[in-house]
Structures are given as C-alpha cells and as structure tokens.
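Subject: Handing over a structure

Hello,

Here is the structure I promised to pass on to you. Have a look through it first, and my notes follow underneath.

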Amino acid sequence: MKGRLLIGLLVLLPFVLGAAPAKKSKVVHPDVDTEEACDVCHREVTPELVDAWYKSRHGLMNVKCFVCHGTIGPEFMRRAPVSRCVGCHKDKVESLSNPFFKGKDCFSCHAGHELNPHKIGGGQ
Ligand code: HEC
Ligand code: HEC
Ligand code: HEC
Ligand code: HEC
C-alpha cells in the first residue's frame with residue numbers, strides 16, 4: 001500500500017514540477033554579452049529609443065538605463081516601480097499618493113525615454 005502511494009507520488013512529481021507556474025509578469029532580457037554597456041548595444045538594436053533617452057533630461061543628466069530596467073539578470077524589469085524614482089523625485093512620488101492618482105504610476109503620464117508628459121502611456 002505504502003509502496004504504491006510512493007510510486008503514485010513519483011509518477012505525479014514531474015507533472016507537479018512542470019506545472020509550477022512561470023512568474024507571469026517576469027520579463028527576461030535576451031541572452032547577450034553583458035560586458036557591453038546597455039546604451040552602446042541598444043544604439044544598434046533600438047536606435048530611436050536610445051536617441052530619445054539621450055536627448056531627454058535623463059540622458060543629459062546621465063540617469064542611465066539600469067535605473068529603470070535594472071541590470072541583466074534576476075532584477076531585470078520592463079517598467080520600474082516608483083521606488084526607483086523616489087531618490088531624485090521625492091516630491092512627485094509623494095504627490096502620487098493623492099487618491100486622485102489612484103492606480104497611476106509615473107509612466108501613466110510620462111513616456112519612459114522622452115519623458116514627455118504629453119505622450120500618455122509610455123512608449124518612447
Ligand atoms: C549586446 C547587446 C545588448 C546589451 C549589452 C543590452 N541589451 Fe537590452 N536588448 C538587446 C536585444 C537584442 C533586445 C531585444 C530587442 C527586440 O526584441 O527588439 C533587448 C531588449 C531589451 C529590453 C526590452 C525587453 C522586453 O522584453 O521588452 C530592455 C528593457 C532592455 N533590453 C534593456 C537593457 C538594459 C537596461 C541593458 C543594460 C543593463 C541592456 N538592455 C543591455 C540587446 C542588448
Ligand atoms: C525613466 C525610466 C527609464 C529609463 C532611464 C530607460 N527606460 Fe527603457 N523603458 C521605460 C519604460 C516606462 C518602458 C515601457 C515599459 C512598459 O510600458 O511596459 C521602457 C521600455 C524599454 C524597451 C522596450 C521597448 C518597447 O517598445 O517595447 C527597451 C528596449 C528599453 N526600454 C531600453 C532602454 C535603454 C537601452 C535605456 C537606456 C538608454 C532605457 N531603456 C532607459 C523606462 C525607462
Ligand atoms: C539619479 C537621479 C534620478 C532618478 C533615480 C530618476 N530621475 Fe527623473 N530626473 C532626474 C534629473 C536630474 C532630471 C532633470 C531635472 C528635473 O527636471 O527635475 C529628471 C527629470 C525627470 C522628468 C522631467 C523631464 C522633463 O523633460 O522635464 C521626468 C518625467 C522624470 N525625471 C521621471 C523619472 C521617473 C519616472 C523616474 C523613476 C522611474 C526617475 N525620473 C528617476 C534625475 C533622476
Ligand atoms: C497624471 C499625470 C502625471 C503623473 C501620474 C506624473 N506626472 Fe510628472 N508631470 C505631468 C505633467 C503634465 C508635467 C508637466 C508640467 C509642466 O510642464 O509644468 C509633469 C512634469 C514632471 C516633471 C518636470 C517638471 C517639474 O515639475 O519638476 C518631473 C520631474 C516629473 N513630472 C516627474 C514625475 C514622476 C517622478 C512621477 C511619478 C512619481 C510623475 N511625474 C507622475 C504629469 C504627470
């Protein structure tokens with residue numbers, strides 16, 4: 001009886017493991033040479049975007065890609081939480097707690113790279 005149960009469990013195990021849900025919102029960066037700087041490689045792969053960033057306040061002030069995307073690895077992300085902004089924009093982050101802004105983050109109004117407040121909804 002005990003033996004059968006064990007076999008039953010062993011048979012089930014791969015299914016249980018296989019079914020472990022992949023973390024849904026987790027974005028994985030393509031496997032690339034991490035020796036190269038983000039903006040150097042991205043000037044080739046996504047030139048418009050790097051250009052938009054470069055000309056923005058963040059580009060001028062050297063607020064780099066990793067501030068909002070992390071480095072390549074487990075902490076890589078697509079859309080930075082406001083905790084990534086608070087060090088330099090404390091007042092703005094605090095004003096977001098106004099109920100009027102419920103459910104909004106900075107990128108609800110600012111394009112990630114241009115930072116233009118009129119290009120609602122992110123993008124370049
Ligand atoms: C050697 C080249 C290279 C380097 C270095 C590199 N990337 Fe990328 N990155 C790529 C490529 C290729 C893609 C996929 C582009 C596509 O699908 O259009 C990509 C995609 C991305 C994406 C979009 C991911 C998605 O799934 O939406 C982000 C954000 C990003 N990179 C940020 C970074 C950051 C931040 C760094 C530095 C820590 C970095 N990259 C370094 C080549 C690179
Ligand atoms: C102020 C924060 C911020 C900085 C700095 C920043 N990004 Fe982004 N990036 C964003 C946001 C926001 C998005 C859109 C994410 C979303 O809506 O899912 C994004 C999206 C991307 C994408 C995906 C583009 C697409 O259209 O799907 C790539 C690639 C990328 N960023 C690369 C970079 C690189 C390279 C740098 C540095 C040159 C950089 N980012 C700097 C905020 C930033
Ligand atoms: C290391 C400091 C630093 C961090 C972190 C940072 N920023 Fe900035 N940001 C700046 C500086 C410096 C400026 C230019 C001066 C200003 O306008 O206050 C700026 C300007 C801006 C602007 C105005 C652009 C314009 O053209 O007027 C926006 C929007 C912005 N940041 C959004 C963000 C968001 C969203 C985050 C978090 C994801 C963030 N920043 C993180 C330093 C930072
Ligand atoms: C509901 C839309 C909205 C949200 C959400 C929002 N902003 Fe803004 N932000 C704007 C607009 C519109 C302007 C332009 C105001 C102007 O030019 O006078 C602006 C201007 C700015 C500026 C530059 C001008 C200044 O007053 O210093 C910075 C920096 C900034 N925002 C950062 C942020 C950060 C960081 C977040 C998230 C914590 C954020 N914003 C969330 C709409 C928004």
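A word on residue classes before the ligands come up: Ala, Val, Leu, Ile, Met, Phe, Trp, Tyr, Cys and Pro count as nonpolar, Asp, Glu, Lys and Arg as charged, and the others, Gly among them, as polar. This is a predicted model, in which local features need a pLDDT of at least 70 and side-chain atom pairs count only at pLDDT 80 or more, while totals for chains, interfaces and linings use all residues. Residues are numbered from 1 along each chain as its sequence is written, and chains are lettered from A and ligands numbered from 1 in the order in which they are written.

Confidence and overall build

The average pLDDT (the predictor's confidence in each residue, from 0 to 100) is 83 for the protein, and 74% of the residues score at least 70. Please be careful with residues 8-24, where the pLDDT is below 50 and the stretch has zero contacts in the model beyond near neighbours in sequence. By contact I mean two residues whose C-beta atoms, placed from the backbone, lie within 7 Å.

The protein has six helices and zero strands, so the order from the N terminus is simply α-α-α-α-α-α, where helices (H or I, at least four residues) and strands (E, at least two) are DSSP runs numbered from the N terminus. Of the 124 residues in the protein, 7% are buried. A residue is buried if 20 or more other C-beta atoms lie within 10 Å of its own, exposed if 12 or fewer, and partly exposed in between, with C-beta atoms placed from the backbone. Among contacts between residues at least 6 apart in sequence, 44% join residues at least 24 apart.

The ligand shells

A residue is near a ligand, and part of its shell, if its C-beta atom, placed from the backbone, lies within 6 Å of it.

- Ligand 1 has 16 residues around it, and Val32, Cys38, Cys41, Cys65 and His69 come nearest. Helices α2 (38-45) and α5 (65-69) each supply at least two residues of this shell, with α2 giving the most, four residues. By class, the shell has nine nonpolar, four polar and three charged residues.
- Ligand 3 is surrounded by 15 residues, of which Arg57, Cys85, Cys88, Cys106 and Leu115 are the closest. Here α4 and α5 are the elements that give two or more residues. This shell divides into nine nonpolar, four polar and two charged residues.
- Ligand 4 has 13 residues around it, and His89, Lys92, Cys106, Cys109 and Pro117 come nearest. The split in this shell is eight nonpolar, three polar and two charged.

You will spot Cys106 among the closest residues of ligand 3 and among the nearest ones of ligand 4.

A helix pair

Two packed helices are described by the angle between their axes and the distance between the axes. For α2 and α3 (residues 47-55), the axes come within 6 Å and cross at roughly 130°. Axes are lines fitted to C-alpha atoms, for helices over the stretch in contact, and angles run from 0 to 180 degrees between N-to-C directions. That crossing makes α2 oblique to α3, since angles under 35 degrees count as roughly parallel, over 145 as roughly antiparallel, 65 to 115 as roughly perpendicular and the rest as oblique. Asp39, His42 and Arg43 of α2 make the contact with Pro47, Leu49 and Val50 of α3. Three of these residues are nonpolar, one is polar and two are charged.

Residues worth a look

Two residues have a positive phi although neither is a glycine: Asn62, at about 65°, and Leu115, at about 70°. Asn62 sits in the loop between α4 (57-60) and α5 and is exposed, with 7 other C-beta atoms within 10 Å. Leu115 is found in the segment after α6 (90-95) and is partly exposed, with 19 other C-beta atoms within 10 Å.

Val63 lies in the loop between α4 and α5 as well. It counts as partly exposed because it has 16 C-beta neighbours inside 10 Å. Its C-alpha atom is 9.2 Å from that of Trp53, ten residues away along the chain.

Lastly, Phe76 is in the loop between α5 and α6. With 14 C-beta neighbours inside 10 Å, Phe76 is partly exposed. Leaving out residues up to four places away in sequence, Phe76 touches Val27, Val28, His29, His69, Gly70 and Thr71. The C-alpha atoms of Phe76 and His29 are 7.1 Å apart, although 47 residues separate the two along the chain.

Best wishes
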